[in-house]
Amino acid sequence: MTVRLIRRASLRIRAALLGASTLCLAFTVAGAGGGAASAADTDSLPFSGTTGSGLHNTYDPSEFSYLAQSLDTGTSMIELDVWDDFVTKEWKVSHSNPLGNSNNCVNASSAADLYTGGANKDLESCLDDVRVWLGAHPGHGPLIIKLEMKAGFQTTYGMSPAKLDQSITDHLGSLVYKPSDLLTKSDGSKYASLDAAASAGNWPTRQQLAGKVLLEVIPGTVEESNPTDSLWTDQEYADYLAGLQSQGKLSQANIFPAVHNAAAGDPRTRYSDASIRPWFVVFDGDAATYLNGSIDTSWYDTHHYLLIMTDAQNVPPTLDDTAPTAADAQARVAQLAAAHASIASNDWTGLTGVQSTVLPRG
């Protein structure tokens with residue numbers, strides 16, 4: 001599909017948002033692998049200039065028997081819920097069990113292992129599955145891995161940002177697009193902060209990021225509801241980045257911290273320590289809130305920040321949580337693309353054509 005057709009679709013979507021009462025916003029984008037994708041049109045765009053679909057809680061075995069099956073959909077984002085078990089010193093992957101693994105990761109060592117064997121492995125095993133899957137699908141578009149730290153870090157007990165980074169290095173290695181990569185200019189010199197680099201448009205193209213992963217981390221639901229926890233994941237990881245930068249060791253960091261929850265203006269002003277604000281260039285929150293008219297989402301696009309919009313189905317008019325029509329789901333992703341999302345996160349596990357969609361942003 002040509003860029004012109006995509007732009008026409010965006011115009012139809014904008015017309016609907018401006019008041020066309022019952023306009024049907026359906027379009028498809030023909031692409032490889034039987035899915036809806038526009039790789040030929042978007043490969044040359046910067047990573048920050050595109051919108052993809054993302055899957056919520058892809059580790060859940062009730063959704064996919066194997067994590068690799070979530071990747072098979074062509075999705076641009078997967079999500080893992082992580083618990084820090086400071087007794088066993090393991091990163092557990094589970095929705096609600098802080099002491100055990102409950103997931104579809106199998107610790108694959110080859111492509112033949114991706115769809116077999118016992119599941120319920122730790123985070124490192126999930127990362128191994130991603131690495132092996134990407135190795136079996138060379139040239140696959142960049143993949144965001146969203147980590148929700150359910151109860152936050154327990155640095156006092158050894159479960160620190162540095163330990164998590166080491167696990168990622170050990171199991172994903174050179175596949176990771178790091179904060180230090182965004183800082184690096186084409187001549188080898190460095191921007192002073194992630195904000196400066198993003199605002200200057202220093203993101204590589206999607207083609208340059210093919211086969212790579214970008215990890216974002218958000219505070220977890222348990223952490224955010226814990227009245228005794230005054231240092232949430234986002235701030236703690238940003239503090240860690242600033243510390244590494246001051247030591248000349250930023251290349252050790254593998255993760256981009258995200259400002260969690262939609263808010264008007266610059267949400268980074270919530271951090272009383274202004275020095276860590278420039279280390280946030282990823283923002284993550286509810287799609288319906290971003291689109292309720294109170295937030296200027298073009299601000300994120302203008303500064304080339306990544307914007308993850310969650311629960312895409314809840315933007316009015318709401319769609320089925322898990323199985324809307326393909327046309328409605330495609331139209332919703334396009335609607336969020338026009339509203340400057342980088343990722344339209346959802347639970348549409350069966351709509352592979354939707355998951356593999358990649359559109360120009362804005």
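# Exercises on a predicted model

Of the 362 residues in the protein, 54% are buried, and the coordinates to be worked with are those of a predicted model.

**Exercise 1. Describe the overall make-up of the protein: its secondary structure, its exposed area and the sequence range of its contacts.**

Begin with the secondary structure, which comes to 13 helices and ten strands. Next take the surface, where the protein exposes about 14100 Å², with carbon and sulfur atoms supplying 52% of that area. Finally, consider the contacts between residues at least 6 apart in sequence, among which 67% join residues at least 24 apart.

**Exercise 2. Characterise the packing of helix H4 against helix H5, from the geometry of the axes to the chemistry of the contact.**

Start with the axes: those of H4 (residues 123-136) and H5 (residues 161-172) come within 9 Å and cross at roughly 35°, and the crossing in which H4 passes H5 is right-handed. Then list the participants, which on the H4 side are Leu123, Glu124, Leu127, Asp128, Val130 and Arg131, and on the H5 side are Leu164, Ser167, Ile168, His171 and Leu172. The last step is to sort the residues of this contact by type, which gives six nonpolar, two polar and three charged.

**Exercise 3. Locate the largest nonpolar core, and trace the contacts of Val130.**

In soluble globular proteins, nonpolar side chains tend to be buried together. In this model the largest nonpolar core has 91 residues, and those with the most contacts inside it are Val130, Ile145, Leu147 and Trp203. Helix H4 provides the largest share of this core, seven residues. Turning to Val130, and leaving aside its neighbours within four places in sequence, one finds it in contact with Leu67, Leu71, Ile78, Leu143, Ile145, Leu172 and Val213. Of these partners, Leu172 also belongs to the H5 side of the helix contact, while Ile145 is among the core residues with the most contacts.

**Exercise 4. Examine the backbone at Asn107, Asp311 and Pro317, and state where each residue lies.**

For Asn107, phi is near 60°, a positive value in a residue other than glycine; Asn107 is placed in the loop between strand E3 (90-93) and H4, and its relative accessibility is 37%, so it counts as partly exposed. For Asp311, phi is near 50°, again positive in a residue other than glycine; Asp311 lies in the loop between E8 and H12, and it counts as partly exposed because its relative accessibility is 30%. Pro317 is found in the loop between strand E8 (306-310) and helix H12 (326-338), and the peptide bond leading to it from Pro316 is cis, with omega near -5°.

**Exercise 5. Decide whether Asn346 is buried or exposed, and identify its contacts.**

Asn346 lies in strand E9 (residues 343-346). Its relative accessibility is 1%, and since buried means under 20%, Asn346 counts as buried. Apart from neighbours within four places in sequence, it is in contact with Ser53, Gly54, Leu55, His56, Ala312, Gln313 and Gln355. A further distance concerns Thr322, which is 24 residues away along the chain, with 7.9 Å between its C-alpha atom and that of Asn346.

**Exercise 6. Place Ala262 in the fold and list the residues that it touches.**

Ala262 sits in the loop between strand E6 (255-260) and strand E7 (282-286). Not counting residues up to four places away in sequence, Ala262 touches Asp284, Gly285, Asp286, Thr289, Tyr290 and Ile295. As for Ala287, 25 residues apart from Ala262 along the chain, the two C-alpha atoms are separated by 8.1 Å.

Technical notes:
Residues numbered from 1 in each chain as written. Predicted model: local features only at pLDDT ≥ 70, side-chain atom pairs only at ≥ 80, totals over all residues. Heavy atoms only, no water. Axes fitted to C-alpha atoms, helices over the stretch in contact; angles between N-to-C directions. Helix = DSSP H or I, 4+ residues; strand = E, 2+ residues; numbered from the N terminus. Left-handed = near helix turned anticlockwise from the far one by under 90°. Contact = heavy atoms within 4.5 Å. Nonpolar A, V, L, I, M, F, W, Y, C, P; charged D, E, K, R; others polar. Core = buried A, V, L, I, M, F, W, Y, C linked by side-chain atoms within 4.5 Å. Buried < 20%, exposed > 50% of the residue type's maximum accessible area, 1.4 Å probe, protein only. Areas by Shrake-Rupley, 256 points an atom, 1.4 Å probe, with all protein chains shown as cover.
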